[in-house]
Amino acid sequence: MEPARVVIVGAGLAGLRTAERLRRGGYDGTLVLAGAERHLPYDRPPLSKALLSATDDPAAPPVLRTAERLAELDLDLRLGIRATALDTGTRTLTLSDGATLAADHVVLATGLVARTVPAWTGLAGVHTLRTFDDCLAIRRAAGGATHATVVGAGVLGSEIAAGLRGRGLAVDLVDPLPQPLCRVVGEEVGAVVAGLHRSHGVGLHLGRAVAELTTADGHVRGVRLDDGSHWATDLVVAAVGGAPDTGWLAGSGLALDDGVAVDAHGAASHPGIWAVGDLASVADPRGTDRLRIEHWTAAGDLAATVAGNVLAALRDEDPKAHTELPYMWSDQYDTKLQCLGLPRAGDEVVLLTGSLDDGVFLAAHVADGRVRAVSGAGIPAGLMRCRTAVADGVPLAELVALAPWDRKKVTA
Ligand SMILES: Cc1cc2nc3c(=O)[nH]c(=O)nc-3n(C[C@H](O)[C@H](O)[C@H](O)COP(=O)(O)OP(=O)(O)OC[C@H]3O[C@@H](n4cnc5c(N)ncnc54)[C@H](O)[C@@H]3O)c2cc1C
């Protein structure tokens, strides 16, 4: 293999996993990993879970590799440095410290930025959560607060509500949709999450939107909903989604489509440019659809594919198409909710075992008689046994035939 230069932009999970896979695959050329945050690459899931509810102060983020283990990768690591422009013709990056870097391959891994509500910009006491520094800021605000309002009951908002409740704050959770996590697991399973919140004393305001935040001296003091109800609050966390961090690529000519548009190999519109992680909007090899997945496992899976394809390009070999079975989990209170595949609104939800009311269950999400996804809580081994069935989209009867789901009784 000729000596080459690979630059990875974004030192989060997907960027780091790409670097690891390149080295593991035998790449021994220059490998730059540039990241806007000053921290070593760290893991985000604990930010809305253990780190939010814990009362002792975390000294550092939960790093994905220690400094010693990072050194083993022999990276040119540039932290606290933001890429500000990309020349797609020459694959030259401009960095915020004024440096320019030309590369044989550029892997874009800049993730998401938290969406904000423009009317709330600049209000003290209003937060979003994407980074470790955001998490510290929320923890500081929670320290002096008695009541928190979380706006948005998706995975992140639901976890934040549980985390703040775990710190002893009174918590209200607002979402215009009928159940928490509706978009991720559908209404029936979302109702399980609603039950969890209620049983822990969180006030749920579903099917409702925030009309305004009431303020005093530039600080949020209360929340008014579209039904006129109002309560006092001293902390608001807006968990209203994230947007792909592509602003710096405007004018580069790179094809963008709800993220960086990549083909089934992870390749962007210009040769030698790739995208991974939450940023990548991946073409479905079977059709014209694009899929941008914001889950931890997916970030590592696509990074592995792209690293393999960068190596293949350097070795003049054929690239491989990315195939993956989406998987997500969410920890709320002491329940781990899991989902394999991507349920959609309108799927029929069929209970495979357990009970939605008890919160220990496996449920198939079915469309046209075929399994699209399986979600569950408290039966992790059973859920993982559904992998092939979900990946193949088998008829429901074939999935049902995998019973019994209790691990102890399973012999196959
Ligand atoms: C609080 C939280 C909890 C989560 N919990 C779960 C969970 O329980 N289960 C699950 O499946 N998934 C979870 N996720 C999602 C999962 O963490 C993400 O899918 C994963 O982090 C995506 O990795 P990434 O590398 O694409 O993006 P990121 O981890 O966001 O990394 C992108 C990095 O790029 C940097 N960057 C941005 N722009 C530039 C630039 N121009 N130049 C240089 N650097 C730049 C950013 O600062 C950031 O450090 C959670 C996410 C969050 C935020």
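These are my notebook entries on one protein chain, taken from a predicted model.

**Entry 1: the whole chain**

I began with the overall build. I counted 10 helices and 26 strands in the protein chain. Next I looked up its radius of gyration, which is 22 Å. The globule rule also gives 22 Å for 412 residues, so the chain is as compact as a globular protein of that length. Along the principal axes, the C-alpha trace spans about 65 × 60 × 40 Å. I then checked burial: 51% of the 412 residues are buried. For contacts between residues at least 6 apart in sequence, I noted that 59% join residues at least 24 apart.

**Entry 2: domains**

How is the protein chain divided? I found domain 1 (5-113 + 243-314), domain 2 (116-240) and domain 3 (334-409). Domain 1 is thus written as two stretches of sequence, 5-113 and 243-314. The contact between domain 1 and domain 2 takes 20 residues from domain 1 and 16 residues from domain 2. I also took the distance between the centres of these two domains over C-alpha atoms, and it is 30 Å.

**Entry 3: the second largest pocket**

I turned to open space next. The second largest pocket holds about 190 Å³. It has 15 lining residues, and those closest to its centre are Cys182, Gly186, Glu187, Ala345 and Gly346. By class I listed 7 nonpolar, 3 polar and 5 charged residues in the lining. Helix H6 (residues 182-199) gives the largest share, 7 residues.

Why does this pocket lie between domain 2 and domain 3? Both domains give residues to its lining, so that is where it lies.

I followed up on alanine 345. It sits in the loop between strand E23 (335-341) and strand E24 (348-355). With 81% relative accessibility, alanine 345 counts as exposed. I compared its position with valine 184: the two are 161 residues apart in sequence, yet 9.0 Å apart in space, C-alpha to C-alpha.

**Entry 4: two buried residues**

I picked leucine 93, in strand E5 (residues 92-95). Is leucine 93 buried or exposed? Its relative accessible area is 0%, so it is buried. Beyond its neighbours within four places in sequence, leucine 93 is in contact with residues including Val7, Val9, Leu86, Val106 and Trp248. Valine 7 lies 86 residues away along the chain, but the C-alpha atoms of the pair are separated by 8.8 Å.

My second pick was arginine 139, in helix H4 (residues 132-143). Its relative accessible area is 5%, which is under the 20% cut-off. I therefore wrote arginine 139 down as buried. Setting aside neighbours within four places in sequence, I found arginine 139 in contact with several residues, among them Leu51, Asp56, Asp57 and Arg167.

**Entry 5: backbone oddities**

Most residues other than glycine have a negative phi, and most peptide bonds are trans. I looked for exceptions.

Aspartate 74 has a positive phi, near 50°. I placed it in the loop between helix H3 (67-71) and strand E3 (76-79). Aspartate 74 counts as exposed, at 56% relative accessibility.

Aspartate 368 also has a positive phi, near 50°. Its loop runs between strand E25 (360-367) and strand E26 (370-377). I noted 82% relative accessibility for aspartate 368, which counts as exposed.

Which residues does a cis peptide bond join? They are alanine 403 and proline 404, with omega about 5°. Proline 404 is in the segment after helix H10 (396-400).

Conventions:
Residues numbered from 1 in each chain as written. Predicted model: local features only at pLDDT ≥ 70, side-chain atom pairs only at ≥ 80, totals over all residues. Heavy atoms only, no water. 1 Å grid on protein atoms, 1.4 Å probe; cavity = no way out; pocket = protein on both sides within 12 Å on 5 of 7 lines; lining within 4 Å. Points joined across faces, edges and corners; volume = space filled by probe spheres on them. Helix = DSSP H or I, 4+ residues; strand = E, 2+ residues; numbered from the N terminus. Nonpolar A, V, L, I, M, F, W, Y, C, P; charged D, E, K, R; others polar. Domains from an automatic or database assignment. Rg over C-alpha atoms; globule rule 2.2 N^0.38 Å. Buried < 20%, exposed > 50% of the residue type's maximum accessible area, 1.4 Å probe, protein only. Contact = heavy atoms within 4.5 Å.
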